[in-house]
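Fancy a few warm-up exercises on a protein model? Have a look at what is shown below, then try each task before reading its solution.

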Amino acid sequence: MDVSNIIESLKLIKPEIAVSASLILVLIFDLIFHKDKKLIPYVALLGLFATGYFVIHQFGTTGFGFATKSTFKAFGMVTVDSFGTFFKLLILISAVLVLFFSSFSDEIKKTTDRLGEYYVLIFGMILGMFLMVSATDFLLIYLSMELLSLSSYVLAGFTKLRDRNSEASLKYVIYGSVSSGLMLFGISIIYGLTGSTNLYVINSLIQSPQINVLALSFALILVMAGMGFKISAAPFHFWTPDVYEGSPITITAFLSVASKAAGFGLLIRFIKTGFAAMTLNNGYWMLNPIFDWKLIIVILAILTMTLGNFSALWQNNLKRMLAYSSIAHAGYLLLGLAVFSNQGIAAILIYFFVYMLMNLGAFLIVMLIADKLGSEDVDDYDGLGYTSPFLGISLAVFLVSLTGLPPTAGFIGKLYIFSALIDAKMFVVAVIGVLNSVVSLYYYIRVLKHMYLVKPKIQPVEIIPGLSQKFLVLLLVVPVLFFGIYFSPIVELAKNCVVLLGF
Amino acid sequence: MAGFPILSLVTFLPVLGMIIIMFLKKEQALTIKYTTLLITGIQLVVAVVMLLNFNYNAQGVFQQSSFQFIEKFRWIQVPGVSWLGTVKIDYFLGVDGISMPMILLTAIVSFIATLSSWNIEKSIKGYFALFLLLDTGMMGVFVSLDFFLFYIFWELMLLPMYFLIGIWGGPRKEYAAIKFFIYTLFGSVFMLLVMIGLYFSAFETLADGTKVHTFNLLAMMDPSNFSANGILSPFNPSNLRFIAYIALFVGFAIKIPMFPFHTWLPDAHVEAPTPISVILAGVLLKMGTYGILRISYPIFPDITKQLMWWIALFGMINILYGAFVALAQKDFKKLIAYSSVSHMGYVLLGMASLTTAGISGAVFQMFNHGTITAMLFLIVGVIYDRAHTRGLDEFGGLAVQMPIYAGFVTVAFFAAIGLPSMSGFVSEALVFVGSFSVEGIRVLSILSSLGILLGAGYMLWTLQRVYLGKLNEKWANLKDLDVREYLMFVPLSIIVIFLGVYPSGMLNIMTTSVNTLVNLVNNGFAKVLF
């Protein structure tokens, strides 16, 4: 690797550099103005906007960065393409929103003295996620996942207000380290088999007939454990409810959207780069038959959404319920992947965009209500729809969208996922998918039932959100409704972002 | 009239009303009520204007040029790439002889239901806002000619209905509301899958000659728009088309509701407040049968013909089962609910005959059932408002106490039984004429006629128990109808009697379209396939 190569490569990772710079900036700012923490969110916001500038500029750019050997110059550690950039944008938008959430959150306000660390860790997470969605080398994959994990372990228990914060953090660490250990083991086997950590190189090497199929399959299942953990796919999902319930809501929201997006970005890129021989003209991928990805992903998808939905039925704590619901949504997203076609990926991108809006929205309302009520229990929501009509209607919109009913954006997401399945003639899977969404109706509507139908035992508290809070809620409600009726823009965006540099 | 978006007006007028109501204050209860009444009134006027401008000789059904009041705009367009075809969805509205009666019905029932909502007391603002949203959903279903749009309107009604039953309903409202919601959603997700399947199978040729996938219902009715290997193409020898038909049919059957998917209906009806019961029975149930006529029949004529015996069988089961269960009811409202199940069976039976008489009878029965059952539920509502009970055995001799009310009751009951000179008679007669004339389902038709007898049984028995005999002293202070209630009953009674004496008034509207549909189903595909 020569110097000019590095300099060329640096141009490709401007957003990552911007994130790192912001991280350092926040750290320094925190040290200099350690008495006044009020400015830190603004600095962080500035950093995010600067990053956003570079991310948006990156659209359309393609390239490989940091090639390991000059002979394999084209195959770098980092691959920049529209697919990765889409996920970066998604992560960034949710980061900006979570930053605003944090400025409203009572939980975070109680820990103002450590606000600097909070934002530094968030930037750590973003950096990890950015690298994850563009990594094409096992080394970088592992490192970026660890960077994301370590930052989120700390953030999960950041507030230290209640026992459950520490419990969340500890559980996260334990599950996380086990799965990353398994993944590392899988990676080492693959390295042993192929002698390379680069996905492009591995792709060409495993086409040789000498490869030990059993060892490779074993290794891939281990690697899936690591990635399955990040996207909380069953059976690697057990940490999710506890961590989501115990973490501060802002972090839960961020984990449920951004962290999951990064996991999906990584998983899709891993499979496409490592195993696709080529993409056919009709959008379908030709996968290396050495490992039956389709079977694995279909099983994971069905297991994930069914377990997620059926477990969510019994939850009384809204954060926990949303945790299970996010598991179920990971299942729907996996359905899109199971098609192994550009159509499926486009559906995933559309779904993710929509999921970001509605899931963050739901968490925001739950947070605003929890700040006043001090509870996330669904029984405490009785009659809330009447005393706080604005929050009630907004939450209703988000939950209806999560169920996937028109005219909300959630329907468009489901429409495209199921379209991809039908187009691929995977009818049985599609039927299981839609039946799952019928099941999900029950627990989403249950919240509405408590807000509107159940007579409250005690006079419910009136929650009047501030002007800026209202504005933030509207910022999420309006697109959820708008994209439900006019969805050309997201389809257009997704269509253009399916381009994955590879085979 | 040309160029004026009258269908958008009639569909989205209620949304306008909803927005106005949103800006009114909670305390302005009367203003909210009058706004709703005004909006539904205008809607009714617009519907009548449409009727006056309606061309009775236009076919519709599958031919875009002969649909009326067409509005067609590009709604979604995303240019395609090699792996993703151009995404194109139209905002496509139009009316023919099958949808026109339904539009009239929706407008009439909504107006009457608004009047009947006058004594709603709990959160009036929310109630009328949701009511109007529901109105838009119903109207939208009847005017859409694009499957995607149809589906959106179809689903749009679910949420308002859930809240209207769930908030303003009776003691077991929560259970009834969620049962309604889950049942209907269960049906409509299958409809969604079939819709997507049809989308990938059918093409539409754009002005510039390119072929794109389409949700256009009319394009799906033309076999030449299907590619040979399309999933649901008539040229595809797999049995997927058959499965899709069943799935779609189940989606519609739940709404009708057809046995064995009917169990949500009695719960929903018993718990719903009177005006919502009126809407539910008057309009919502028709959407199931309308969907079958508008979508299942012309898109899948081949399979429809294969399954006509089964449709007739389920029609017969509905008629007899509904009637038998109605006989056993002790709750007035539940009795009417089951009578609805029975009466919707006639619609299924008539449709199954695939004859002009049968299908005209079915569409006419849809309209008549809408008006008659609306009256029946209003009748129950009147009694419940005053006595706060609906037990059939707790009354007696009410005709003495409330003579005018009893007069309307008699009209409604005899119309429901199908007495000649009432509208119900004509439609049921046509249904039997149609179904009897088809050899394959003649036996079913004969057996179904038992339903008329049973219908007379439970209706007359109810009349006797509640209205005739000695007045139960407990109810000696019940007041007769007031002006508002007059306003609800008089128009409906006039319609019921008028259409009984002069059925051509309604039948003429639909004849041309029904004939076209019958021809299409019987030999439309044959020409191309064989």
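Here are four exercises with worked solutions, all on this predicted model.

**Exercise 1. Work out how helix 17 and helix 19 of chain A are oriented to each other.**

Start by finding the two helices: helix 17 of chain A covers residues 389–403, and helix 19 of chain A covers residues 427–453. Next, take the angle at which they pack, about 175°, with the axes 9 Å apart. Now bring in the cut-off: angles over 145 degrees count as roughly antiparallel. Helix 17 and helix 19 of chain A are therefore roughly antiparallel.

Then check who meets whom. On the helix 17 side you'll find, among others, Ile393(A), Leu395(A) and Leu399(A), while the helix 19 side includes Leu441(A), Tyr444(A) and Leu448(A). Sorting the residues of this contact gives 13 nonpolar, four polar and no charged.

**Exercise 2. Decide how the buried residues of helix 21 of chain A are arranged around its axis.**

First, list them: within residues 488–496, the buried ones are Ser488(A), Ile490(A), Val491(A), Ala494(A) and Lys495(A). Second, look down the axis of helix 21 of chain A: its buried residues fall within an arc of 170°, so they line one face of the helix. A general rule helps here: an α-helix has 3.6 residues a turn, so residues three or four places apart point the same way.

Third, ask what covers them. The cover includes helix 15, helix 18 and helix 20 of chain A, together with strand 1 and strand 2 of chain B.

**Exercise 3. Describe strand 1 of chain A and its pairing with strand 2 of chain A.**

Strand 1 of chain A spans residues 63–67, and four of its five residues are buried. Four bridges join it to strand 2 of chain A (residues 76–80), and the two run antiparallel. For a spot to zoom in on, try Ala67(A), which stands opposite Gly76(A) in strand 2 of chain A.

**Exercise 4. Say whether Val109(B) is buried or exposed, and do the same for Met308(B).**

Take Val109(B), which sits in helix 3 of chain B. The cut-off for buried is under 20% relative accessible area. Val109(B) has 1%, so it is buried. Beyond its sequence neighbours up to four places away, Val109(B) touches Val278(B), Ile279(B), Gly282(B), Val283(B) and Gly370(B).

Now Met308(B), found in helix 12 of chain B. With 17% relative accessibility, Met308(B) counts as buried too. Leaving aside neighbours within four places in sequence, Met308(B) contacts Ala352(B), Ser353(B), Leu354(B), Val438(B) and Ile441(B).

Methods
Residues numbered from 1 in each chain as written. Chains lettered and ligands numbered in written order. Predicted model: local features only at pLDDT ≥ 70, side-chain atom pairs only at ≥ 80, totals over all residues. Heavy atoms only, no water. Axes fitted to C-alpha atoms, helices over the stretch in contact; angles between N-to-C directions. Parallel < 35°, antiparallel > 145°, perpendicular 65-115°, else oblique. Contact = heavy atoms within 4.5 Å. Nonpolar A, V, L, I, M, F, W, Y, C, P; charged D, E, K, R; others polar. Buried < 20%, exposed > 50% of the residue type's maximum accessible area, 1.4 Å probe, protein only. Arc of directions from axis to C-beta. Pairing = 2+ DSSP bridges.
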